[in-house]
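Here is a short report on one protein model. It covers the disulfides, then one helix and a residue within it.

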Amino acid sequence: GGGTHAGSDGSRGTVPADTAPVAAAMHQAHLQRMGEEEVCADLHLGGAPRAAPELLACLREAGIDTHAADSEGYDRFKECRNKRADIEPFPLAIVRAQSGREVALAVRCIAEHGAYACGRCGAHGGENDACCTDGVVIDVGQLLDFEVLDGSLVRFGAGHTNGRLYSRLAEHHLAYPGGMEANVGTGGLFLGC
């Protein structure tokens with residue numbers, strides 16, 4: 001038999017038997033990495049952890065579109081492309097930045113309140129790291145500026161995926177070797193994430 005996992009809505013499902021030991025080992029490694037006691041193993045059984053009210057207030061007072069576990073849209077915005085049940089993400093909150101200024105404000109609030117942040121564009125990654133369990137996702141998917149500075153030098157926003165960037169570049173007879181997957185975020189791709 002496999003192990004069980006809890007969905008964000010409290011529903012329970014099964015993890016295939018061959019992945020249950022891997023999930024348990026990954027969870028144990030996560031606890032050791034975070035310096036937490038085994039008591040923390042129950043944090044996600046009922047869904048997402050609760051963000052500190054002060055952190056949420058800071059983000060919302062900065063005017064940033066913020067979704068916490070008790071917010072409408074949380075379940076939709078927390079999703080990553082990897083749907084493995086044993087690595088379902090449970091971020092404290094998701095902020096959907098509309099500008100570089102909002103990214104900076106979000107980072108400031110997150111740092112001031114002792115949380116950690118994960119940048120996300122395409123939401124890819126084998127272990128859903130961009131979906132930031134126990135941290136705050138800074139979703140940059142709306143940062144879509146694009147400017148050709150001269151014949152072959154381009155400045156573009158962090159929200160571009162391969163597909164979007166290929167399309168915009170093609171309008172100017174330009175290209176880059178970014179791979180075949182259209183939904184991969186270029187920010188993570190270029191940074192090697």
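## Disulfides

This predicted model holds two disulfides. A disulfide is a covalent bond between the sulfur atoms of two cysteines. Each link is taken in turn below.

## Cysteine 58 to cysteine 109

Cysteine 58 is joined to cysteine 109 by a disulfide, with an S to S distance of 2.1 Å. The link connects distant parts of the chain. Cysteine 58 sits in helix α2 (residues 53–61). Cysteine 109 sits in helix α4 (residues 100–112). The two cysteines are 51 residues apart.

The angle about the S-S bond is -75 degrees, and the link of cysteine 58 and cysteine 109 is left-handed. Cysteine 58 and cysteine 109 are both buried.

## Cysteine 118 to cysteine 132

The sulfur atoms of cysteine 118 and cysteine 132 are 2.3 Å apart and form a disulfide. Cysteine 118 belongs to strand β5 (residues 117–120), while cysteine 132 is in the loop between β5 and β6 (136–139), so the disulfide ties together parts that are 14 residues apart in sequence.

The link of cysteine 118 and cysteine 132 is right-handed, with 70 degrees about the S-S bond. Are these two cysteines, cysteine 118 and cysteine 132, buried or exposed? Cysteine 118 has 14% relative accessibility, so cysteine 118 counts as buried. Cysteine 132 has 1% relative accessibility, so cysteine 132 also counts as buried. The cut-off for buried is under 20%.

## Helix α5

Which residues of α5 are buried? They are Asn162, Leu165 and Leu169. Seen down the axis of α5, these buried residues fall within an arc of 70 degrees, so they line one face of the helix.

What do the buried residues of α5 pack against? Their partners are two strands, β7 (146–148) and β8 (154–156), and the helix α6 (186–191).

## Arginine 168

Arginine 168 is also in helix α5, which spans residues 162–170. Its relative accessibility is 29%, so arginine 168 counts as partly exposed. Partly exposed covers the range between the buried limit of 20% and the exposed limit of 50%.

Leaving aside neighbours within four places in sequence, arginine 168 is in contact with Leu144, Phe146 and His160. Phenylalanine 156 gives a further distance to check in the model: phenylalanine 156 and arginine 168 are 12 residues apart in sequence. In space, their C-alpha atoms are 9.7 Å apart.

How values were computed:
Residues are numbered from 1 along each chain as its sequence is written. This is a predicted model: local features need pLDDT of at least 70, side-chain atom pairs count only at pLDDT 80 or more; totals for chains, interfaces and linings use all residues. Side-chain values use heavy atoms; hydrogens and water are left out. Helices (H or I, at least four residues) and strands (E, at least two) are DSSP runs, numbered from the N terminus. Buried means under 20% relative accessible area, exposed over 50%, partly exposed in between (1.4 Å probe, protein chains only). Contact means heavy atoms within 4.5 Å. A disulfide is a pair of cysteine sulfur atoms within 2.5 Å. The arc is that of the directions from the helix axis to the C-beta atoms.
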